[in-house]
Amino acid sequence: HKDNKKMAEFTKPLHQVIGSAQNASLWIAANGMGNPDEAAAGSAEYLRLMALMVFAYMWAMMAEVSLRKLEGNPNKKEFYENKLAVARFYMNKILPYHYGLLASIVNGSKSVMAMADEAV
């Protein structure tokens, strides 16, 4: 739907989070092979990033259906407009957390592993 102007507000953020997921995956693959701590240090953030991406995909699909239904089913106008409102909220207020998650992942394991085992 990247050529669908009505979907742009949903597809652009989706493509951005996909880019972050790809960058995180590549970073973990490149650095985790040499040092497993690098992969482990960002594992929770990686899972959160993947969840954000999956939900963005789901909201984009729901937005597409809602836009289509609004054109042909004015009886449920409020329902589909509310779906779009929630999709916009997710894309604008929740999804941008992926940038911070990516930053945390690529910051590596140094600060995570800095404390001596005896100190824990």
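# Core and surface of a predicted model

Visitor: Among contacts in the protein chain between residues at least 6 apart in sequence, what percentage join residues at least 24 apart?
Guide: A contact here means heavy atoms within 4.5 Å. With pairs restricted to residues at least 6 apart in sequence, the share that joins residues at least 24 apart is 77%.

Visitor: On what basis are local features and side-chain atom pairs counted in this predicted model?
Guide: Residues are numbered from 1 along each chain as its sequence is written, and side-chain values use heavy atoms, with hydrogens and water left out. Totals for chains, interfaces and linings use all residues of this predicted model, whereas local features need pLDDT of at least 70 and side-chain atom pairs count only at pLDDT 80 or more.

Visitor: In which order do the elements of the protein chain run from the N terminus on?
Guide: Helices (H or I, at least four residues) and strands (E, at least two) are DSSP runs, numbered from the N terminus. The chain comes to 5 helices and 0 strands. Its elements run α-α-α-α-α.

Visitor: What radius of gyration does the protein chain have?
Guide: The C-alpha trace spans about 65 × 30 × 15 Å along its principal axes. The radius of gyration is taken over C-alpha atoms, and the globule rule is 2.2 Å times the number of residues to the power 0.38. A compact globule of 120 residues would have a value near 14 Å, but that of the protein chain is 19 Å.

Visitor: Which helix gives the most to the largest nonpolar core?
Guide: A nonpolar core is a set of buried (under 20% relative accessible area, 1.4 Å probe, protein chains only) Ala, Val, Leu, Ile, Met, Phe, Trp, Tyr and Cys residues joined through side-chain atoms within 4.5 Å. The largest has 25 residues, and those with the most contacts inside it include Phe 10, Ala 56 and Leu 95. At least two residues each come from α1 (8-32), α3, α4 (77-94) and α5 (97-106). With 9 residues, the helix that gives the most is α3.

Visitor: Why does Met 61 count as partly exposed?
Guide: Met 61 lies in helix α3 (residues 43-72). Partly exposed covers the range between buried and exposed, the latter being over 50%. Met 61 falls in this class because its relative accessible area is 41%.

Visitor: What area does the nonpolar surface patch made by Val 54, Phe 55, Tyr 57, Met 58 and Met 61 have?
Guide: Patches are made of residues with over 30% relative accessible area and no salt bridge, with like charges joined within 9 Å and nonpolar side chains (Val, Leu, Ile, Met, Phe, Trp, Tyr) within 5 Å. A salt bridge is a side-chain nitrogen of Lys or Arg within 4 Å of a carboxyl oxygen of Asp or Glu. Areas come from the Shrake-Rupley method with a 1.4 Å probe, and for residues only the protein chains shown count as cover. The patch amounts to about 470 Å².
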